[in-house]
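Biologist: I am new to this structure and should be grateful for a close look at a single part. Please describe the surroundings of one bound ligand.

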Amino acid sequence: MLKYILVFVGTICLSQAKHEEYIGHSLYGVQVYTREQANLLMELVERLYLDVWTYPNPETEGLILVAPDKKPEFEDNLTVINSTYRIDTENIKEKLDLEDKLMAEAHIKSNASRSDRFGLSFDVIHRWAVVDRYLVDVANRFPRVARVVSAGRSVEGRDIKYLRLSTDNFANRNKPVIFIQSLLHAREWVTLPVTLWAIQELVINVTEQDLIRNIDWIILPIANPDGYEFSHTRTRMWRKNRRTGHHASCVGVDPNRNYDYFWGTASSRDPCSETFHGPRAFSEPETLVTRNIMNSFRTRISLYLDIHSFGSMILFGFAAPSPGRLPPNHATLTSVGNQMARAIDRVKWARHPNYRVGNIAQLLFVASGGGTDWAQALLPNRLSFAYELPAHRGQSNINGFLVEPAFIRQAGFETWQGIKVAARFVVRNRELLQ
Ligand SMILES: *[C@@H]1O[C@H](CO)[C@@H](O)[C@H](O)[C@H]1NC(C)=O
Ligand SMILES: *[C@@H]1O[C@H](CO)[C@@H](O)[C@H](O)[C@H]1NC(C)=O
Ligand SMILES: *[C@@H]1O[C@H](CO)[C@@H](O)[C@H](O)[C@H]1NC(C)=O
Ligand SMILES: *[C@@H]1O[C@H](CO)[C@@H](O)[C@H](O)[C@H]1NC(C)=O
Ligand SMILES: [Zn+2]
């Protein structure tokens with residue numbers, strides 16, 4: 001016990017020295033009333049290099065993180081474009097420290113209650129090295145259903161691994177394939193338990209056997225390992241990968257603007273922007289991994305799920321300002337999305353809003369080079385969705401990208417209810433999804 005207490009105290013001392021770069025950064029809740037105002041606001045965001053947590057539009061308040069030196073200009077300009085604002089969180093550093101503290105406590109409790117049962121726990125957010133090791137362990141322990149694949153290396157050389165789950169090693173070409181990835185955006189930590197939950201349910205618990213019998217799965221828990229680790233060790237709100245060489249001091253390409261669908265038409269060419277699209281489509285190893293997976297299984301992939309946070313939404317293409325705007329099968333996407341949403345809403349925590357379902361450009365904002373768009377365009381009749389998980393504001397009052405440990409298990413559990421609905425839909429509707 002003394003050992004735990006010492007570790008605990010040590011962790012807290014460390015956490016106090018962290019997050020200095022966020023001192024005095026405030027989270028603004030910003031309301032716009034027209035699309036034009038939303039566009040002006042986004043110009044302002046790009047000009048001041050602000051960090052958008054959620055896109056503002058007439059239906060939804062936006063959340064934007066602003067550094068102290070930029071507040072006067074930001075507030076002035078908000079007044080000019082007639083949008084109104086409130087301060088959601090005065091000093092975000094306090095919340096980051098609080099998240100560290102809660103997470104450190106959760107780790108101690110988790111270690112103390114660790115059982116001999118195989119599998120990763122759902123009481124903490126696991127780091128890359130732990131997950132990387134786990135994928136190998138799963139494959140070793142369950143060789144008849146699980147195989148681990150090293151799909152490539154990140155910019156900094158971390159292995160990007162995924163699991164192939166199948167009762168016949170992908171031999172039955174009539175089975176649909178489902179591809180799920182999480183953590184393409186580094187800071188969206190709460191997305192990790194979703195893919196880990198899927199692995200647990202399909203390989204270890206196997207309470208619903210039809211899901212593994214009738215479907216082959218590809219599950220990639222950490223799509224952007226460098227960014228993810230950096231968000232743990234240094235900059236909590238890191239979003240991009242860790243590509244260098246495009247600017248003297250600004251690092252990173254936004255992988256979700258780097259896919260080859262109207263690449264570069266509604267994203268940033270500025271390496272210092274949070275939505276920098278990279279030098280060309282698929283310039284990044286993290287997006288190439290997705291492309292290779294999709295191309296290898298393109299005749300069989302029925303469902304593509306990219307798990308993001310936050311906002312309680314199930315979204316489909318197109319986000320880019322493309323000619324069609326909506327995919328040809330948007331009625332099917334809407335119907336399946338609604339079924340997924342209702343399945344989650346039935347078991348979600350009461351204080352969270354119901355999931356909304358719709359087109360990315362309509363519910364959020366226009367953006368090019370997204371993975372969901374690219375997958376939808378590659379496989380026009382199949383289902384391509386992005387999830388935005390709920391922003392949980394718990395008793396500790398941390399929210400947005402910050403994770404309260406109490407929500408981790410629920411995030412895995414409830415999202416899986418939606419995934420199961422889509423999975424069973426693709427089994428029943430093979431002819432629709434050719
Ligand atoms: C934004 O604010 C700055 C100073 O706070 C001002 O110089 C600039 O003109 C404003 N921009 C617009 C578009 O109003
Ligand atoms: C802001 O409001 C003023 C006065 O109502 C109006 O003249 C102006 O066009 C508005 N600006 C925007 C960007 O909506
Ligand atoms: C929990 O256990 C892991 C693995 O044994 C160890 O690496 C970690 O430091 C422990 N954390 C705490 C807070 O005790
Ligand atoms: C797996 O089974 C355990 C033990 O029955 C249960 O607690 C857990 O919720 C199940 N699912 C996952 C994903 O852990
Ligand atoms: Zn995201």
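Modeller: The following account concerns the site of ligand 4. This is a predicted model, in which local features need pLDDT of at least 70 and side-chain atom pairs count only at pLDDT 80 or more, while totals for chains, interfaces and linings use all residues. Residues are numbered from 1 along each chain as its sequence is written, chains are lettered from A and ligands numbered from 1 in the order in which they are written, and side-chain values use heavy atoms, with hydrogens and water left out.

The residues around ligand 4 are R117, F122, W197, Q200, E201, N205 and R409; a residue is counted here if one of its heavy atoms lies within 4 Å of the ligand. By class, this shell holds 2 nonpolar, 2 polar and 3 charged residues, where Ala, Val, Leu, Ile, Met, Phe, Trp, Tyr, Cys and Pro count as nonpolar, Asp, Glu, Lys and Arg as charged, and the others, Gly among them, as polar. Helix α6, residues 192–205, supplies the largest share of the shell, with 4 residues; a helix is a DSSP run of H or I of at least four residues, numbered from the N terminus.

Three side chains make polar contacts with the ligand, that is, pairs of N or O atoms within 3.5 Å. In N205, a polar side-chain atom lies 2.3 Å from an oxygen atom of ligand 4. The side chain of E201 has an N or O atom 2.8 Å from a nitrogen atom of ligand 4. For R409, the distance from a side-chain N or O atom to an oxygen atom of ligand 4 is 3.3 Å. Taken alone, ligand 4 exposes 350 Å², of which the protein buries 62%; accessible areas come from the Shrake-Rupley method with a 1.4 Å probe.

Conventions
A polar contact is a pair of N or O atoms within 3.5 Å; within protein, one must be able to donate a hydrogen and the other to accept it, and residues adjacent in sequence count only if both atoms are side-chain atoms. Helices (H or I, at least four residues) and strands (E, at least two) are DSSP runs, numbered from the N terminus.
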